[in-house]
Amino acid sequence: MGAHRSVLPYALRLRAAFTRRSRTWIAGTFLILVSAPATPIARTQNAEAPHDAGGSSLLSVPTRSWVVDAAANELVALHHKGSYLRYRMETINERGDQVRDVIESKDGTVARLILKDGKPLTEEQDKAERQRLSNMIDSPAAYAKHVKNAESEKTMADKLAPLMADAMINTYAPGQPQSGRNGGAPEIVLDYKPNPKFVPPNTEAQALTGLEGRVWIDAKTRYVVRMEGTIFRGVNFGWGMLAHIYPGGKVVMTQTNVGGNRWIFTEFSMQLSVRALMVKKLDIHSTARTSDYRTLGPMSYQDAIRLLLATPLPER
């Protein structure tokens, strides 16, 4: 973040990002790229080191190589050029339990609320949701505003991903405990902690200095399968004037290949305590899950909205 940028707009954007769920939220942007507490949640022990097709130990590969490739692949998954999915996404946070029907269009993602707190929408709620989406069809400017934050967050990820190999010291996890979430395919398991020699080049990158943990990487495709993260020490943004993330925060993210080497997150959960603008402490408890993936052809955001509106609401 350049020095010419105003502190207040950045802080407000940071605070807003911490109160909404987005695949590349500012918290998620850095945590999704690092992740992992020292004690993994899921353990399927595999005492033997993974081998490639020729029988060579994959653990002879420098750890940096896995991190560089995995970080690059996260950006491929984030931008997913030429690949479009329809799926359901459930979010559980301070607003309750909400399920949305999501379509990726060539112009960006659109979503329709279809369930709230496990119940069908009321007539009034559905009317408001239909009106919101219809307004986007009639006003490209409204849709542009809708996707602006997501694009901004992708830009953050683009900046942070290439830093991962230098920001962390990576080591092979003893015993290579597999996640059990990759269909039996071998995974490379890395533990990492902040590199004391790393100098954050921007404000966002300061978050990388407070994380340590573990990541599971698919040995064949080099995509991240699972990440679990703990903030082991407090992290300041802008010397604490913009925001402070308290130690003890936890993040878990899992991904899956839904076909054609298209990877998408299946679950993302975070528990964070954040102080914004040196004034208010925010406790963030949020979980997002995706399911029911279907591949679609490219379509405009208007056609994607029309498809959402033409789909009957679920009875539950």
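Leaving aside its neighbours within four places in sequence, which residues is V67 in contact with? I started there, keeping in mind that this is a predicted model.

**Entry 1: V67**

I found V67 in helix α3, which covers residues 63–79. Its contacts beyond those neighbours are M164, A165, N170 and L190. I also checked M168: V67 and M168 are 101 residues apart in sequence, yet their C-alpha atoms are 9.3 Å apart in space. Buried or exposed? V67 has a relative accessible area of 10%, and the cut-off for buried is under 20%, so I put V67 down as buried.

**Entry 2: β5, β6 and β7**

Next I went to the strands. β5 and β6 run antiparallel and are joined by 5 bridges. I picked out one residue here: I169 has K193 in β6 as its bridge partner. β6 also runs antiparallel to strand β7, residues 211–218, with 6 bridges between them. On that side I noted D191, whose bridge partner in β7 is R214. How many of the 8 residues of β6 are buried? I got 7, so I wrote the strand down as mostly covered, buried being under 20% relative accessible area.

**Entry 3: Q176**

Then I looked at the loop between β5 (168–172) and β6 (187–194), where Q176 lies. Q176 is buried, with a relative accessible area of 2%. What does its side chain reach at 3.0 Å? It is the backbone oxygen of A173. I noted a second polar contact: a polar atom of the Q176 side chain lies 2.9 Å from the backbone nitrogen of V189.

**Entry 4: R222 and N261**

I looked up two backbone angles. R222, in the loop between β7 and β8 (224–231), has phi near 65°, a positive value in a residue other than glycine. R222 is buried at a relative accessible area of 18%. Its charged end sits over the ring of W66, 3.9 Å from the ring's centre. N261 also has a positive phi, near 60°, and is likewise a residue other than glycine. N261 lies in the loop between β11 and β12 and counts as partly exposed, at 35% relative accessibility.

**Entry 5: V258**

I stayed with the loop between β11 (250–257) and β12 (263–276), since V258 is found there. V258 is partly exposed, with a relative accessible area of 26%. Not counting residues up to four places away in sequence, V258 touches L85, I264 and Y293. L85 is 173 residues from V258 along the chain, with 9.4 Å between the C-alpha atoms.

**Entry 6: aromatic rings**

I counted 3 aromatic pairs. One of them is Y143 with Y301: the centres are 3.9 Å apart and the planes are at 5°, so I logged the pair as stacked. It links distant parts of the chain, with Y143 in helix α5 (residues 140–160) and Y301 in helix α7 (residues 301–310), 158 residues apart. Y143 is buried at a relative accessible area of 4%, and Y301 counts as buried at 4% relative accessibility.

Y223 and W263 make another pair, with ring centres 5.1 Å apart and planes at 5°, so this one is stacked too. Y223 lies in the loop between β7 and β8 and W263 in strand β12, so the pair ties together parts that are 40 residues apart in sequence. Both Y223 and W263 are buried.

My last look was at K281, which lies over the face of Y246, 4.7 Å from the ring centre.

Methods. Residues are numbered from 1 along each chain as its sequence is written. This is a predicted model: local features need pLDDT of at least 70, side-chain atom pairs count only at pLDDT 80 or more; totals for chains, interfaces and linings use all residues. Side-chain values use heavy atoms; hydrogens and water are left out. Helices (H or I, at least four residues) and strands (E, at least two) are DSSP runs, numbered from the N terminus. Buried means under 20% relative accessible area, exposed over 50%, partly exposed in between (1.4 Å probe, protein chains only). Contact means heavy atoms within 4.5 Å. A polar contact is a pair of N or O atoms within 3.5 Å; within protein, one must be able to donate a hydrogen and the other to accept it, and residues adjacent in sequence count only if both atoms are side-chain atoms. Two strands pair if DSSP finds at least two bridges between them. Rings of Phe, Tyr and Trp (its six-membered ring) pair if their centres lie within 6.5 Å; planes under 30 degrees apart count as stacked, over 60 as edge-to-face and the rest as tilted. A charge sits over a ring if NZ of Lys or CZ of Arg is within 6 Å of the ring centre and within 35 degrees of the ring normal.
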